[in-house]
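Let's take a walk through this protein model together. Have the sequence and the structure open beside you as you read.

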Amino acid sequence: MMPNRKSVAALMDDAPLILVCVDLQIQYLTEGSGHVMSDAEAITTRCLQLMTLWRQNLWPVMHLKRIAQAAWFNPDSNLTDWIAELKPRPGELTFEHPLPSAYSSARFAEYMSSIRNIRCLLMGFSLDEAVLSTVVEGFHRSDRYLVVSDAVACRHAGVDDAASYKQAVLTVTANFAGIQQSHEVIEAARGIAA
């Protein structure tokens, strides 16, 4: 079931939404890395809009970074570096996870188990790996997630019909998390902040 605008505003009234930035790394924007997505620029723009709104209102922002890539072991590679305009700022939580699920980070799992009545708003890259596996595991731990459908992209962009593939992954994700459009989240967030 997909929440509507009213439910997003109600969620934001009940408890703060933590903006969770998933795998916002250079490798998804770099030609030749094998992961460049056709909609990477649009996704990056929407992520920046959401992040700017959260930061302006001093709402919590969390960053997840997958570290188990071959490039991680190459000291000359910058592929796992943060995208410059989306990198963490002082005071924002960061968690590195070796497996697709963010819960593979003991620190992240411990942090999530220590907070309650919080819903996390996920955006970024790796919808078909990190986002999906995190919301599935979070669902089984009673953690609550919303995924911003037009601010996430699939890691495996080489699929023949990328739009259908992404929609299929979002359909599966909707079994474990709410799905919301960025403009609806922004509108609800601005209403709360006003």
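What follows moves from the overall layout to the sheet, the cores, one helix and a few loop residues.

Please keep in mind throughout that this is a predicted model. The protein chain has 6 helices and 6 strands. Reading from the N terminus, these elements follow the order α-β-α-β-β-α-β-α-β-α-β-α. Of the 194 residues in the protein chain, 51% are buried. The surface that the protein chain exposes comes to about 9,400 Å², and carbon and sulfur atoms supply 54% of that area. Contacts reach across the sequence as well: among those between residues at least 6 apart, 80% join residues at least 24 apart.

A good place to start is strand 4, which covers residues 119–125. Why can this strand be called largely enclosed by the rest of the structure? A residue counts as buried when its relative accessible area is under 20%, and 7 of the 7 residues of strand 4 are buried, so the strand is largely enclosed by what surrounds it. Strand 4 pairs with strand 1 in the parallel sense, over 6 bridges. Within that pairing, Leu 19 has Leu 121 of strand 4 as its bridge partner. Strand 4 also runs parallel to strand 5, and 6 bridges join these two. Here Leu 121 comes up again, standing opposite Leu 146 in strand 5. To get from strand 4 to strand 5, the chain passes through helix 4, and the resulting β-α-β crossover is right-handed.

Now let's turn to the nonpolar cores. The largest one has 29 residues, and Phe 108, Leu 122, Tyr 145 and Val 147 are the members that touch the most other members. Several elements each supply at least two residues of this core: strand 1 (17–22), strand 2 (61–66), helix 3 (106–114), strand 4, helix 4 (127–140), strand 5 (144–153) and helix 5 (162–173). Helix 4 contributes the most to this core, with 5 residues. Apart from this core lies another one, of 24 residues, with Ala 40, Cys 47, Trp 54 and Phe 125 among them.

Val 147 is worth a closer look. Which residues does Val 147 contact, leaving aside its neighbours within four places in sequence? The list is Leu 122, Leu 127, Val 131, Val 135, Val 152, Leu 170, Thr 173, Ala 177, Gly 178, Ile 179 and Gln 180. One of these partners, Leu 122, is named with Val 147 among the core members that touch the most others.

Helix 3 shows how a helix can be divided between inside and outside. Its buried residues are Phe 108, Ala 109 and Met 112. Viewed down the axis of helix 3, these buried residues fall within an arc of 100°, so they line one face of the helix. The face turned away from the buried side carries the exposed residues Ala 106, Arg 107, Glu 110 and Ser 114. What covers the buried residues of helix 3 includes strand 2, strand 3 (93–97), strand 4 and strand 5.

Met 112 also leads us to a loop residue, as it is one of the contacts of Asp 143. Asp 143 is found in the loop between helix 4 and strand 5. Is Asp 143 buried or exposed? With a relative accessible area of 10%, Asp 143 is buried. Setting aside neighbours within four places in sequence, Asp 143 is in contact with Tyr 103, Met 112, Arg 116 and Gly 138.

Finally, have a look at three further loop residues. Ser 126 is in the loop between strand 4 and helix 4. Although Ser 126 is a residue other than glycine, its phi is positive, near 75°. Ser 126 is also buried, with a relative accessible area of 1%. Leu 58, in the loop between helix 2 and strand 2, likewise is not a glycine and has a positive phi of about 60°. Leu 58 is exposed, though, at a relative accessible area of 76%. Asn 57 lies in the loop between helix 2 (40–56) and strand 2, and is partly exposed, with a relative accessible area of 25%. The C-alpha atoms of Asn 57 and Ile 192 are separated by 9.9 Å, while the two residues are 135 residues apart along the chain.

Definitions and conventions: Residues are numbered from 1 along each chain as its sequence is written. This is a predicted model: local features need pLDDT of at least 70, side-chain atom pairs count only at pLDDT 80 or more; totals for chains, interfaces and linings use all residues. Side-chain values use heavy atoms; hydrogens and water are left out. A nonpolar core is a set of buried Ala, Val, Leu, Ile, Met, Phe, Trp, Tyr and Cys residues joined through side-chain atoms within 4.5 Å. Buried means under 20% relative accessible area, exposed over 50%, partly exposed in between (1.4 Å probe, protein chains only). Helices (H or I, at least four residues) and strands (E, at least two) are DSSP runs, numbered from the N terminus. Contact means heavy atoms within 4.5 Å. Two strands pair if DSSP finds at least two bridges between them. A crossover is right-handed if, with the strands pointing away from the viewer, the path from the first strand over the helix to the second runs clockwise. The arc is that of the directions from the helix axis to the C-beta atoms. Accessible areas come from the Shrake-Rupley method with a 1.4 Å probe; for residues, only the protein chains shown count as cover.
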